[in-house]
Amino acid sequence: MSSPAAKTSQPEVDREIGAGLRRLRRERSLSLVDLAARTHLSIGFLSQIERGKSSPTLRALVTMADALGVGLADLFPATGVTGDQTATIVRSAARSQLQLWRSGIRKQLLTAHSAGSKLSLYIVEMEPGASTGDELYTHDGEEAGLVISGAMVLTVESESWTLQEGDSFRFLSSRPHRFANAAEGETRVLWVACL
């Protein structure tokens with residue numbers, strides 16, 4: 001998973017994500033106590049994430065995004081490339097990335113940031129052993145995807161499937177789910193999320 005954006009140091013990535021979460025929380029006039037009540041995450045954990053002292057899991061980020069009333073794409077660090085909010089295209093050099101380095105998962109946002117947009121398209125890259133964790137999680141929306149390379153185990157409720165290159169999926173995000181890399185090498189998935 002090497003790219004220019006991946007060269008950003010791990011603590012710096014955590015600080016960028018944390019600062020963005022703090023900004024969104026404050027814009028909504030929410031205290032850490034309020035956010036903890038909405039997410040069922042501890043105040044201490046939320047504070048550590050906001051200060052860049054802890055690296056959040058994908059599950060925690062999705063839970064926080066739902067509680068803040070934003071999509072996961074709104075939590076991506078800025079790329080430094082400016083463009084208009086109604087952009088039709090995103091150049092490969094301008095992609096925002098969310099690197100969950102402790103989980104071994106990186107998401108590249110392929111669609112432009114747009115206030116109120118309900119559709120986001122990602123490339124999800126998973127290192128060997130990467131997963132969203134052992135616990136199933138839920139959030140708003142619907143998801144679909146296509147395994148581009150490697151293999152992925154997808155669990156939705158009590159069913160699990162191993163998807164190989166060329167296999168696709170679709171499910172309501174309100175159904176408890178998780179995913180993990182099932183390949184010896186990196187797995188890449190084209191992922192669509194609609195809120």
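How many bridges join strand 5 to strand 8? The close-ups below start with that pair, taken from a predicted model.

**View 1. Strand 5 meets strand 8.** Here 5 bridges link strand 5, residues 151-156, with strand 8, and the two run antiparallel. Two pairs help you find your way along the ladder: Val153 sits opposite Ala180 of strand 8, and Met152 faces Asn181 of strand 8.

**View 2. The open sheet around strand 5.** Zooming out a little, 3 strands make up an open sheet with the order 6-5-8 and antiparallel pairing. Strand 6 (159-164) and strand 8 (177-181) are the edges; each has a single partner strand, so one side of each lacks a neighbour in the sheet. On average, neighbouring strands of this sheet are turned by 20 degrees against each other, direction ignored.

**View 3. Strand 8 under cover.** Although strand 8 stands at an edge of the sheet, 5 of its 5 residues are buried, so strand 8 is largely enclosed by the rest of the structure. Both of its faces are covered, with His177, Phe179 and Asn181 buried on one side and Arg178 and Ala180 buried on the other.

**View 4. Helix 2 crosses helix 3.** Now for a helix pair: the axes of helix 2 (residues 32-39) and helix 3 (residues 43-50) come within 9 Å and cross at roughly 115 degrees. The two helices are therefore roughly perpendicular to each other, and helix 2 passes helix 3 in a right-handed crossing. Leu32, Val33, Leu35, Ala36 and Thr39 of helix 2 make the contact with Ile43, Leu46, Ser47 and Glu50 of helix 3. By type, these contact residues are 6 nonpolar, 2 polar and 1 charged.

How values were computed. Residues are numbered from 1 along each chain as its sequence is written. This is a predicted model: local features need pLDDT of at least 70, side-chain atom pairs count only at pLDDT 80 or more; totals for chains, interfaces and linings use all residues. Side-chain values use heavy atoms; hydrogens and water are left out. Two strands pair if DSSP finds at least two bridges between them. Helices (H or I, at least four residues) and strands (E, at least two) are DSSP runs, numbered from the N terminus. Axes are lines fitted to C-alpha atoms, for helices over the stretch in contact, and angles run from 0 to 180 degrees between N-to-C directions. Buried means under 20% relative accessible area, exposed over 50%, partly exposed in between (1.4 Å probe, protein chains only). Angles under 35 degrees count as roughly parallel, over 145 as roughly antiparallel, 65 to 115 as roughly perpendicular and the rest as oblique. A crossing is left-handed if the near helix is turned anticlockwise from the far one by less than a right angle, and right-handed if clockwise. Contact means heavy atoms within 4.5 Å. Ala, Val, Leu, Ile, Met, Phe, Trp, Tyr, Cys and Pro count as nonpolar, Asp, Glu, Lys and Arg as charged, and the others, Gly among them, as polar.
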